[in-house]
There are 2 protein chains.
Amino acid sequence: MTRVTDIGEDALVTRLLAQLPHAPDELRVGPGDDCAVVPFSENEWQLLKTDAIVEGVHFLPEESRNLVGWKAIARVVSDFAAMGGRPRWFMITVGIPADAAIAPLEQLYQGMADCLQTYGAALVGGETTSVASETGLFISIAATGFVEKSHLILRSTARREDQVFVTGRLGGSQAGRHLAIQPRLAEAHWLASRGFATAMMDLSDGLAKDLPRLARASGLGFSLDLDSVPCHENCTTAEALQDGEDYELLFTCAPCDAEKLLALWWDAFPETPLSCIGQMVDAADSMPLHGGWDHFAPGAEA
Amino acid sequence: MTRVTDIGEDALVTRLLAQLPHAPDELRVGPGDDCAVVPFSENEWQLLKTDAIVEGVHFLPEESRNLVGWKAIARVVSDFAAMGGRPRWFMITVGIPADAAIAPLEQLYQGMADCLQTYGAALVGGETTSVASETGLFISIAATGFVEKSHLILRSTARREDQVFVTGRLGGSQAGRHLAIQPRLAEAHWLASRGFATAMMDLSDGLAKDLPRLARASGLGFSLDLDSVPCHENCTTAEALQDGEDYELLFTCAPCDAEKLLALWWDAFPETPLSCIGQMVDAADSMPLHGGWDHFAPGAEA
């Protein structure tokens, strides 16, 4: 009998989605990108996203419920940013062990409220459901966002010879940073509205997992300059590649635009590092890169 | 320390929502109805809904994964129906124990696909996440739907002296019926487009829990004729009130329209029972009604 640990997360999702009927033509982007993209108005697409975090997997029982709430919302804001869009309406489902205390749940909602307000979004619904006492809390977010049609950036549209860029510094998220996420909404909007990014995604599972995803979605390979990968203090390059939960932007830029991008970037975002870390190549010429976070890692990667 | 079991589900939700900032004006309906209602186009509102089902709570480990998938989607279709709307885009999050077998997961997705296709909806995204092995499977659905502005029916707009109606028969859902739900989409659309329903919701937690909710949302009470409650074969009235998971429509109708409604109904839906079970009265004159399903029932109701 085949189990999910035998094949890993990406293969599992591919296999499950194969059960579903062909997507309708009006669907601009279906499963596989940071968000789904569906028709909204003449000038805008609607973005749809769901995301769940689970106690013991994405946060620990002893971690601040306020920050856990912030993280639950901020992860989704980061996904909307990665498409060039902005968040709007949120629904929250919380699975609560029956013996849970109320005060930490109120802190959780306060953290969610702070993050929603910070990024111009609002809660419109959701529900609570009970889970068995031995199960931890889970929080499932569903949200809609919007993107101007001319600003939409997919992960599947990188071109050969495009330069690969990453914002911020990577690695060491488990050293406290994995909760207090600051999604790169302003930076992403700037990139999208100026047309610099040919493809983009946010880094949630680590560069080692996400760069190959962007390349595969674009039908390309990549060449990564390991010495250029921006590492957080006290982090090795291996940690920067593999730790995950960076919530930085990974994007590609046409070679002819790269110099202009860098020149304008420092004026616009003097406090946000921007690093060119490689380029897109033919799939056959891609360098091998393994690791990163996989919820159902096969033995080889565990 | 106050725990969720001390106050029950409705009070918990009220307390958690109090943490959140005031909803924006453009939000037509926020938390509290079957779906949230947000702006879409000149003629339509968008409906937003999330819903989770959890192994051991909403379905059992040994129950057909195909039917569990059907149920997960159909519950949400029923919520859209209850607002006078129709379902459109779905996102699915599945929490999977790491040692889960793949074949039952494929059956689960097949059941979801069947239900989506039956009701004219489509999957656009979602994700899988791992949960601890001792935890059961959970399935969280997020969906958008649409309703013509003139068809929108809330649960908060019943009027004093309106007659209370229920479709189908109630009770005994645990005797196999709780999975193979048939949402009353056609009936609800008929009611909404003809203007018969002054308020409506779907019955998910049992008439004893849901009728008081509809009355409270409308600032009214109710008088229920227990002998008129339509019971499934081999079910007592108590079971019809309390079992929950009926997924029938509960709605109110102006007294002057009730006779016409009944006359037209039998032509339109000869196979769907329709029963008048009471009327709306002033809150002070409401009859007491207890029981029904509560995820966090306080001792008195457990």
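A:R75 is buried, with a relative accessible area of 9%; buried means under 20% relative accessible area, as found with a 1.4 Å probe on protein chains only. This is a predicted model, in which local features need pLDDT of at least 70, side-chain atom pairs count only at pLDDT 80 or more, and totals for chains, interfaces and linings use all residues. Residues are numbered from 1 along each chain as its sequence is written, chains are lettered from A in the order in which they are written, and side-chain values use heavy atoms, with hydrogens and water left out.

A:R75 lies in helix α3 of chain A, residues 65-82. Helices (H or I, at least four residues) and strands (E, at least two) are DSSP runs, numbered from the N terminus. The side chain of A:R75 makes a polar contact with the side chain of A:Y247, at 2.7 Å. A polar contact is a pair of N or O atoms within 3.5 Å; within protein, one must be able to donate a hydrogen and the other to accept it, and residues adjacent in sequence count only if both atoms are side-chain atoms. Not counting residues up to four places away in sequence, A:R75 touches several residues, among them A:D51, A:H58, A:D202 and A:E245. Contact here means heavy atoms within 4.5 Å.

The cysteines come next. A search of the whole structure finds 0 disulfides over all chains, a disulfide being a pair of cysteine sulfur atoms within 2.5 Å. The table lists two cysteines.

| Cysteine | Nearest cysteine sulfur | Relative accessible area |
|---|---|---|
| A:C115 | A:C35, 15 Å | 0%, buried |
| B:C235 | B:C231, 6.9 Å | 15%, buried |

For B:C235, there is no bond to B:C231 because the sulfur atoms are too far apart.

The two chains can also be compared. A rotation of 180 degrees with 0.0 Å of shift along its axis superposes chain A on chain B, with an RMSD of 0.0 Å. The two copies are therefore related as by a two-fold rotation axis. The superposition is by least squares on the C-alpha atoms of residues with pLDDT of at least 70 in both.

At the interface, 68 residues of chain A are in contact with 68 residues of chain B. Between chain A and chain B, 12 residue pairs are in polar contact, both residues at pLDDT 80 or more. Strand β4 of chain A gives the largest share of the side of chain A that touches chain B, 10 residues.

Technical notes:
Buried means under 20% relative accessible area, exposed over 50%, partly exposed in between (1.4 Å probe, protein chains only).
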